[in-house]
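This report is an introduction for a reader who has not met this structure before. Please look through the sequence and the model, and then follow the sections below.

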Amino acid sequence: VRSREAIIFKVSEMSMLSNLLARAALRVSSVRVIRTPTSTAACRWYSAKKEESEQEFDARWEAYFNRPDIDAWELRRGLNELYGQDLVPEPKIVSAMLRAARRVNDVAVAIRILEAVKSKCAGDKEIYSYVLNGVKPTIQELGLKTPEELGLA
């Protein structure tokens, strides 16, 4: 059995230890690390890939969405990649997207494509009407409705 004095001594010993640790931590946290500058050579990394023309870009994406074996994951991946770029897709690309959505039997994605095109137009009604007029035959062919006709816009 420990005596009361031994227990009090242990408690006071532990509090002294915690005080020492706290002070040491403050000293360590206040130490400044001085780094000497190192010289580096400027280096630019250029891609060997040639720049793609607008026609080649449109043809590549149209061919991607016109693939007969495209599945839902590839469709969404292509949409995500295309929407990540700072552009409004041409009507022929949008038509290919809508047909791909029909091939994978996903009407919700088809409507989302039209909503995303409207969003990419950033409120410019002239651009949106240009794309919508170019895509109108495809919308009618597939029996779809625009977001405005569905009351979503």
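## The nonpolar core

In this predicted model, the largest nonpolar core has 28 residues, and those with the most contacts inside it are Phe65, Leu75, Leu98 and Ile113. Two or more residues of this core are given by each of helix 2 (54-65), helix 3 (72-83), helix 4 (91-103), helix 5 (107-120) and helix 6 (125-142). The largest share, seven residues, comes from helix 4. In soluble globular proteins, nonpolar side chains tend to be buried together.

Leucine 75 can serve as a view into the core: when its neighbours within four places in sequence are left aside, leucine 75 is in contact with Phe65, Ile70, Met97, Ala100, Ala101, Val104 and Val109.

## The chain as a whole

The chain holds six helices and zero strands, and when read along the sequence it follows the pattern α-α-α-α-α-α. Of its 153 residues, 25% count as buried, while the chain exposes about 11,800 Å², of which carbon and sulfur atoms supply 56%. Among the contacts with a separation of 6 or more, 64% are accounted for by residues 24 or more positions apart.

## Helix 5

Helix 5 has 14 residues and reaches 20 Å from its first C-alpha to its last, which is close to the 20 Å expected at 1.5 Å a residue. Within helix 5, the residues Val109, Ala110, Ile111, Ile113, Leu114, Ala116 and Val117 are buried, and the buried residues of this helix pack against helix 3, helix 4 and helix 6. Just after helix 5, alanine 122 takes a positive phi of about 50°.

## Aromatic residues of helix 2

The structure holds four aromatic pairs. In one of them, the rings of tryptophan 61 and tyrosine 64 have their centres 5.5 Å apart and their planes at 70°, so this pair is edge-to-face. Both residues lie in helix 2, where tryptophan 61 and tyrosine 64 are three residues apart, or about one turn of the helix. An α-helix has 3.6 residues a turn, so residues three or four places apart point the same way.

Tryptophan 61 and tyrosine 64 are both buried, and together with Phe57 and Phe65 they form one aromatic cluster. Tyrosine 64 has a charged partner as well, for the charged end of arginine 67 sits over the ring of tyrosine 64, 5.0 Å from its centre.

Definitions and conventions: Residues numbered from 1 in each chain as written. Predicted model: local features only at pLDDT ≥ 70, side-chain atom pairs only at ≥ 80, totals over all residues. Heavy atoms only, no water. Core = buried A, V, L, I, M, F, W, Y, C linked by side-chain atoms within 4.5 Å. Buried < 20%, exposed > 50% of the residue type's maximum accessible area, 1.4 Å probe, protein only. Helix = DSSP H or I, 4+ residues; strand = E, 2+ residues; numbered from the N terminus. Contact = heavy atoms within 4.5 Å. Expected span 1.5 Å × (residues − 1). Phe/Tyr/Trp six-rings, centres within 6.5 Å; stacked < 30°, edge-to-face > 60°. Lys NZ or Arg CZ within 6 Å of the ring centre and 35° of its normal. Areas by Shrake-Rupley, 256 points an atom, 1.4 Å probe, with all protein chains shown as cover.
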